[in-house]
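Visitor: Could you walk me through this structure? I would like to start with one helix and then turn to the whole chain.
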Amino acid sequence: QTKSALPWKIPRVTGSMAPAIQMEVCVDSVESAMNAERGGASRIELCSSLIEGGITPSIGLLQLVKQSVQVPVFAMVRPRGGDFLYNDSEIEVMKRDIRMVKANGADGIVFGVLTDDGGVNAQVCMDLIAESRPLSVTFHRAFDMVHNPCASLECLISLGFERVLTSGCDSTALEGLPTIKRLIEQAKQRIIVVAGGGITERNLQRILENSCIREFHCSARSSRESLMKFRNVSVSMGASMAPAEYIVKVADINKVRMLIAIAKDVV
């Protein structure tokens, strides 16, 4: 008896049958999720606190986003900002969060865990993948903090990750483009390399034209003024790195549409 194909394995499609370039928008609000879908995004990565690079979203946020959009919603599972070296209690939090977001409709899980010497923590990732199945799993930009990208990519492939999100281990995907290209060549369709990090309408065409990227990731945000009439400008609800108190950042429908139009032109 032959085993049926596992539902999360990557289809190998080449040539004229290759799919259109996919755009994933990272969001931290219902408004941004709806704007991303209206603009034409293929998928949403849902998190909280994008200013920290994204952490695990609340269950209330996930539930309402799932009620509000039809596109797949991948939930970030990251217990805090900062590095990706987690202690036992943080790992247990991640396991419980995975169970919760699965139970509340997440279509995929996004996480990353490293060792103290800059490697992929294979054992912990294996445990988290087991908690995540049958959903698709993405290793997020913790990958950009690894010591050896080539060896780490092979580790992710062996563990069964469907995707890895990366800026090419540089500050932006444009600057890391040479490494992204090498990773795509090395992957040989065994894992999807998703380019992300500082991608905007100003650099997307160059990134796509100089690589074989089939999926990219960005926030496509704009800033707008708060609707607050009374403002106490002497107080800020956060550390010095926090955004201006009365500025709200949301995914911009027009930016999403522009990025998708650029991607279609390149194809």
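Visitor: Which residues of helix α6 (residues 177–187) are buried?
Guide: The buried residues of α6 are L177, T179, I180, L183, I184, Q186 and A187. Buried means under 20% relative accessible area, with exposed over 50% and partly exposed in between (1.4 Å probe, protein chains only). Helices are DSSP runs of H or I with at least four residues, strands are runs of E with at least two, and both are numbered from the N terminus.

Visitor: What covers the buried residues of α6?
Guide: The cover includes two helices, α5 (149–159) and α7 (204–209), and the strands β6 (163–166) and β7 (192–196). Contact here means heavy atoms within 4.5 Å.

Visitor: And what follows α6?
Guide: K188 does, and its phi is positive, near 50°.

Visitor: What kind of model is this?
Guide: The model is predicted; local features need pLDDT of at least 70 and side-chain atom pairs pLDDT 80 or more, while totals for chains, interfaces and linings use all residues. Residues are numbered from 1 along each chain as its sequence is written, and side-chain values use heavy atoms, without hydrogens and water.

Visitor: Now the whole chain: how many helices and strands?
Guide: The protein chain has eight helices and 10 strands.

Visitor: How much of the chain is buried?
Guide: Buried residues make up 48% of its 267 residues.

Visitor: What share of the contacts links residues 24 or more positions apart?
Guide: Such pairs account for 68% of the contacts with a separation of 6 or more.

Visitor: What are the box dimensions?
Guide: Along the principal axes, the C-alpha atoms fill a box of roughly 65 × 45 × 35 Å.
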